[in-house]
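Colleague: Please give me a close look at one part of this model. Start with how far the model can be trusted, then build the picture around that part.

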Amino acid sequence: MNTTTRWGLALAVLLGLLDIAGVSGVWADDGPPAAIAIGGGLLGLVTIVAVILAGRRGAIPTVIISRVLSGLLSLPVYWAENAPEWSKFVVGIALAVTVAAVALLTAGRRGPRPA
């Protein structure tokens with residue numbers, strides 16, 4: 001596994017942990033809808049399990065798919081009228097890190113091109 005892939009996996013784990021922590025927002029007054037928070041938590045769990053298996057079983061496509069789905073699941077915050085402004089900022093950062101992680105993972109999978 002090359003360095004690019006390792007950085008991508010590290011970012012994916014960070015995002016997965018944040019997704020799992022986001023489930024606690026279900027009980028907050030201005031938290032996300034339960035379906036979105038629980039769905040994000042499940043995708044975070046899928047990401048972490050896939051990262052653990054990535055070295056042995058080639059689960060990197062699962063990591064990429066779970067991160068893309070999690071990013072898509074976070075987009076409704078921009079249309080929700082009752083979403084706090086800070087949540088839009090946090091989601092924007094998470095989406096940027098998601099793009100970086102997916103880019104690193106896809107670049108790492110390609111490997112060097114022959115001359």
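Modeller: Start with a term. pLDDT is the predictor's confidence in each residue, on a scale from 0 to 100. You need it here because this is a predicted model. Where pLDDT is low, the predicted coordinates should not be read in detail. Now the scores. The protein chain averages a pLDDT of 88. At least 70 is reached by 94% of the residues. Helix α3, residues 60-74, has the highest confidence, with a mean of 93. Helix α2, residues 34-57, has the lowest, with a mean of 89.

Next, the overall plan. The protein chain has four helices and zero strands. Read along the sequence, the pattern is α-α-α-α. The C-alpha trace spans about 55 × 25 × 15 Å along its principal axes. The chain has 115 residues, and 31% of them are buried.

Now the close look. I pick the stretch that takes in D19, I20 and G22. D19 lies in helix α1, and so does I20. G22 sits in the loop between α1 and α2.

Take D19 first. What does its side chain meet? The side chain of D19 meets that of R67 in a salt bridge, with 2.5 Å from N to O. R67 belongs to helix α3 while D19 belongs to helix α1, so this pair ties together parts that are 48 residues apart in sequence. Is D19 buried or exposed? The cut-off for buried is under 20% relative accessible area. D19 has 17%, so it counts as buried. R67 has 1%, so R67 counts as buried too.

Move on to I20. Its relative accessible area is 35%. That value falls between the 20% limit for buried and the 50% limit for exposed, so I20 is partly exposed. I20 also belongs to a nonpolar patch on the surface. L17, I38, L42, L45 and V49 are in that patch as well. Together, the patch residues have about 520 Å² of accessible area. Helices α1 (3-21) and α2 are the elements that give the patch two or more residues. The largest share comes from α2, with four residues. Why can I20 be counted in this patch? A patch residue needs over 30% relative accessible area, and I20 has 35%, so it passes that cut-off. Now look at distance. I20 and G40 are 20 residues apart in sequence, yet their C-alpha atoms are 7.0 Å apart in space.

Then comes G22. At 31% relative accessibility, G22 counts as partly exposed. Its C-alpha atom is 6.7 Å from that of G41, and the pair is 19 residues apart in sequence. G22 also leads us to the largest pocket. This pocket has a volume of about 910 Å³. Its lining has 35 residues, and those closest to its centre are G22, P32, S74, S87 and V91. Which helices help to line it? α1, α2, α3 and α4 (85-110) each supply at least two lining residues. α4 gives the most, with seven residues.

Now two points for contrast. A35 is placed in helix α2. The cut-off for exposed is over 50%, and A35 has 64% relative accessible area, so A35 is exposed. A35 and V23 are twelve residues apart along the chain, and their C-alpha atoms are separated by 9.6 Å.

The other point is about salt bridges. How many does the structure hold? It holds two. One is the D19 and R67 pair described above. K88 also forms a salt bridge, with E85, and the closest N and O atoms there are 3.6 Å apart. K88 and E85 are three residues apart in helix α4, so about one helical turn separates them. E85 has 58% relative accessibility, so it counts as exposed.

Put the stretch back together. D19 is buried and joins R67 in a salt bridge. I20 is partly exposed and is part of the nonpolar patch. G22 is partly exposed and is among the residues closest to the centre of the largest pocket.

Notes:
Residues numbered from 1 in each chain as written. Predicted model: local features only at pLDDT ≥ 70, side-chain atom pairs only at ≥ 80, totals over all residues. Heavy atoms only, no water. Patch = residues over 30% accessible without salt bridge, like charges linked within 9 Å, V, L, I, M, F, W, Y side chains within 5 Å. Areas by Shrake-Rupley, 256 points an atom, 1.4 Å probe, with all protein chains shown as cover. Salt bridge = Lys/Arg side-chain N within 4 Å of Asp/Glu carboxyl O. Buried < 20%, exposed > 50% of the residue type's maximum accessible area, 1.4 Å probe, protein only. 1 Å grid on protein atoms, 1.4 Å probe; cavity = no way out; pocket = protein on both sides within 12 Å on 5 of 7 lines; lining within 4 Å. Points joined across faces, edges and corners; volume = space filled by probe spheres on them.
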